[in-house]
Amino acid sequence: MKKINFIKYIPLYFVISGVVIGVGLFSLIKWGLRPAVDFVGGTLVEIKIIPNDSLPIAEENIRASLSMDGIEADRIQSAGDGWMIRTKNEEEDVQKRIVDSLSTSLGEAKVVRLESVGPTLGKELLKKTVMAIILASVGILLYVAYRFGGSKYGICADIAMLHDSLVLIGSFALFGHLWGIEVDTLFVTAVLTILSFSVHDTIVVYDRIRESLRRYPKENYEEIVNRATNETLGRSINNSLTIIFMLLALTVLGGQTIKPFALALLVGTVTGTYSSTFTAAPLLVIWNRIEKLKRRK
Amino acid sequence: MNRSITIKRFWLIIFLVGISALIGLPKNLPIKFNIGPWKFDQKISSPEIDWKLGPWKFSRNLDIKKGLDLSGGTQLVLQAKMDQIPEADRAVALESAQTVISRRIDLYGVSETLIQTSRSGGNYRMIVELPGVTDTEKAKQLIGQTAKLEFKEPDPTTVIDGKATGSAAVYQEIFSMKLTDLTGQDLKKAEVKFDQKSGEPVVGLIFTPEGQKKFAEITRRNVGRKVGIFLDEMPITVPVVQTPILDGQAIISGGFTTEAAKQLVVNLNAGALPVDLEVVSQTQIGATLGVDSVSKSIKAGLVGLSIVALFMIVVYRKLGLIADIALVIYGLITLAVYKLVPITLSLPGIAGFLLSIGMATDANILIFERTKEELRKGLKLSAAVELGFGRAWDSIKDANATTLLTAFILYNPFDWSFLNTSGMVRGFALTLTIGIIISLFTGIFVSRTLIRLFYVK
């Protein structure tokens with residue numbers, strides 16, 4: 001197999017990562033994430049309407065009908081053959097009022113799915129979620145540090161992990177703006193899963209670097225990293241491809257409710273694969289160069 | 001490696017596959033076909049398990065349990081208002097409320113309901129799952145009501161019809177009782193006690209000062225007669241008053257088992273420590289949406305699986321084919337485990353399962369790539385394969401350790417109150433964990449045995 005000189009293009013990888021994360025951060029700051037009802041409270045109703053031919057079923061008409069009955073809809077979105085209506089309202093009878101309102105003005109309405117969360121529960125969930133993310137990152141950090149017996153590998157693997165979470169969170173800020181995708185408990189679950197995936201791939205590359213270091217102690221560090229990256233690239237890609245195939249199938253063919261979750265896992269897997277080869281390994285090289293510079297001084 | 005051991009392992013795998021296939025079979029699988037003059041028409045069905053071994057019972061009907069999001073239904077999270085109830089009695093009060101609600105739901109005729117209580121910080125909550133119920137208003141009415149405990153005494157104005165005998169007479173006697181002014185509010189607490197002489201379990205009632213007076217009146221009026229205690233209009237016990245009770249501390253005795261005494265105490269406390277429940281979250285999934293989700297997930301799974309299988313064959317040829325066989329075995333074993341545990345499958349759970357299929361090939365790919373590498377170095381096939389398995393193990397171990405760690409945090413097995421206990425997240429974590437463990441088994445043990453037997457020779 002032809003050997004690629006990875007080291008040569010390090011600046012390019014960082015530019016690519018920079019652009020992707022930059023766009024994500026921009027979206028995050030400009031538009032923020034769209035929290036789902038389970039975090040901020042409110043009601044989400046998915047409704048099917050059998051038209052009675054008086055009015056076409058369209059967003060404006062739904063909104064108008066609801067506001068006539070004193071329900072302010074934050075978002076109205078068509079979903080498959082139904083409509084998703086979200087409101088800040090979380091009183092117990094809100095879905096009944098929505099159904100009554102739409103049934104009178106547009107045609108018989110039926111609730112397909114309902115999610116209603118009180119504000120206290122949402123806040124509590126948010127707290128627990130942050131806790132889980134902290135716990136998982138610390139756990140993974142400790143594990144990597146322990147396995148590689150050194151701060152260099154541990155820290156670089158963690159930066160790659162941070163890279164992946166930024167890409168994932170940033171892209172969901174963008175998706176939220178473009179397609180109204182919301183961030184819910186399952187999204188957080190996806191982030192946590194991706195944290196472990198990210199390290200998963202990175203460990204494979206680092207393992208090989210360590211092994212080569214032992215076998216060729218005299219060789220140049222950058223040369224070793226380059227070879228390890230070359231050697232692990234094939235399996236890293238093949239590995240992720242099988243996961244990506246499954247997730248892609250689920251994102252495209254899966255049900256409405258599971259799509260955002262599958263998409264989050266998919267984005268995370270892609271960036272996780274990219275980062276182990278193009279972020280985690282180059283970071284080691286950079287770290288090594290800085291160390292050398294310091295020694296020379 | 002000793003060939004006879006490999007063959008033994010192979011039989012072990014065949015055995016496991018056979019068992020898993022038997023368990024994994026659909027409930028009823030009609031098979032009909034004709035070969036020439038022979039007609040074959042039979043129903044194959046998965047067995048029901050019902051084992052007893054001393055005190056241990058193990059019975060499974062081997063259906064896949066579907067979560068609410070797949071079966072359709074309603075989930076309510078209720079928060080208990082506990083400010084009126086002394087701190088020490090709160091757990092008891094919640095338990096009593098749970099019993100009351102589960103009885104109301106049973107009477108309403110909903111099957112396979114799930115009622116859990118949880119404590120998060122100072123919040124006492126109850127999570128009620130009602131499969132198949134989409135009338136949330138009705139459900140909330142049933143559940144949201146506060147339990148009502150009432151004491152009744154015989155009504156001297158009703159004439160008991162002397163003709164009724166046996167249970168009909170008892171029925172008439174009980175339901176003709178009239179209300180007294182004593183209610184659950186006057187009862188401080190009920191508890192299980194043990195009779196000092198006989199050691200039998202009895203139920204002790206402690207009244208409030210107000211209740212003490214009312215109860216004294218009632219018992220004085222009714223010595224030798226029955227007094228009925230009703231919860232939500234249903235009689236829970238009808239003791240006979242032996243002597244007037246003036247000190248506000250009554251004992252109900254009468255050959256209780258400890259279990260029955262506890263049950264009565266829970267019911268009494270439901271009235272003594274009434275808990276107002278407030279709906280803090282509700283989820284409702286229509287039945288059609290559930291069916292739709294199942295069929296879409298199956299489709300997505302089959303398509304994904306086919307692509308993965310094809311990919312493995314294209315890239316790794318014969319080795320890939322073996323990995324695919326291992327993958328099918330993986331699927332069978334996983335299905336059997338889901339049915340045996342049993343695992344309630346939800347949409348995120350299915351996602352976890354599909355994800356783990358992708359990851360199941362992971363170990364194989366690591367091994368095959370390593371094998372290819374060793375082959376390139378000029379090693380013999382058998383040596384290359386063995387080295388591939390040996391060297392890849394380190395990476396496989398590390399790589400899966402972090403995923404297991406995350407799954408652990410997501411599942412929160414010790415119910416730490418600072419972490420999430422959401423059913424959805426747990427479903428995902430559980431199927432992912434099971435997937436990883438089984439995939440390590442099939443990816444390494446099964447595929448190594450198959451390769452030794454059919455590929456290396």
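Here is a chat about how the two chains meet, their salt bridges and a few backbone details in a predicted model.

Trainee: Before we start, what are the ground rules here?
Mentor: This is a predicted model, where local features need pLDDT of at least 70 and side-chain atom pairs count only at pLDDT 80 or more, while totals for chains, interfaces and linings use all residues. Residues are numbered from 1 along each chain as its sequence is written, chains are lettered from A and ligands numbered from 1 in the order in which they are written, and side-chain values use heavy atoms, with hydrogens and water left out.

Trainee: OK, how many residues does each chain put into the contact?
Mentor: Chain A gives 59 residues and chain B gives 68 residues. Contact here means heavy atoms within 4.5 Å.

Trainee: And what area gets buried between chain A and chain B?
Mentor: About 5600 Å², with carbon and sulfur atoms giving 65% of that. Buried area is the accessible area (1.4 Å probe) that two parts lose on being put together, summed over both.

Trainee: Which element supplies the largest share of chain A's side?
Mentor: That's α7(A), with 15 residues. Helices (H or I, at least four residues) and strands (E, at least two) are DSSP runs, numbered from the N terminus.

Trainee: Any strands pairing across the chains, and which ones run antiparallel?
Mentor: β4(A) and strand β16 (residues 276-285) of chain B run antiparallel, joined by five bridges. Two strands pair if DSSP finds at least two bridges between them. Within this pairing, Leu114(A) stands opposite Gln284(B).

Trainee: Switching to charges: how many salt bridges are there over all chains?
Mentor: There are 31, and three salt bridges are counted between chain A and chain B. A salt bridge is a side-chain nitrogen of Lys or Arg within 4 Å of a carboxyl oxygen of Asp or Glu.

Trainee: Got an example that crosses between chains?
Mentor: Glu211(A) and Arg370(B) meet in a salt bridge at 2.8 Å, N to O. Glu211(A) sits in helix α7 (residues 185-215) of chain A, and Arg370(B) in helix α9 (residues 347-376) of chain B.

Trainee: Is that pair buried or exposed?
Mentor: Buried: Glu211(A) has a relative accessible area of 18%, and Arg370(B) is at 2%. Buried means under 20% relative accessible area, exposed over 50%, partly exposed in between (1.4 Å probe, protein chains only).

Trainee: Which residues share a network with them?
Mentor: Salt bridges with shared partners join Glu211(A), Arg215(A), Arg370(B), Glu374(B), Lys377(B) and Arg391(B) into one network.

Trainee: What about a pair inside chain A?
Mentor: Take Asp74(A) and Lys88(A), whose closest N and O atoms are 3.4 Å apart. They link distant parts of the chain, 14 residues apart, with Asp74(A) in the loop between α3 (59-68) and β2 (75-79) and Lys88(A) in the loop between β3 (82-87) and α4 (94-105). Asp74(A) is partly exposed at 33%, whereas Lys88(A) is exposed at 61%.

Trainee: Last topic, the backbone. Where's the cis peptide bond?
Mentor: Between Val341(B) and Pro342(B), with omega about -20 degrees. Pro342(B) lies in the loop between α8 (287-340) and β17 (344-345) of chain B.

Trainee: And which residues other than glycine have a positive phi?
Mentor: Asp232(B) has phi near 50 degrees, and Glu233(B) has a phi of about 70 degrees. Asp232(B) is in the loop between β13 (228-231) and β14 (234-237) of chain B, and Glu233(B) is also placed in the loop between β13 and β14. Glu233(B) is partly exposed, at 42%.
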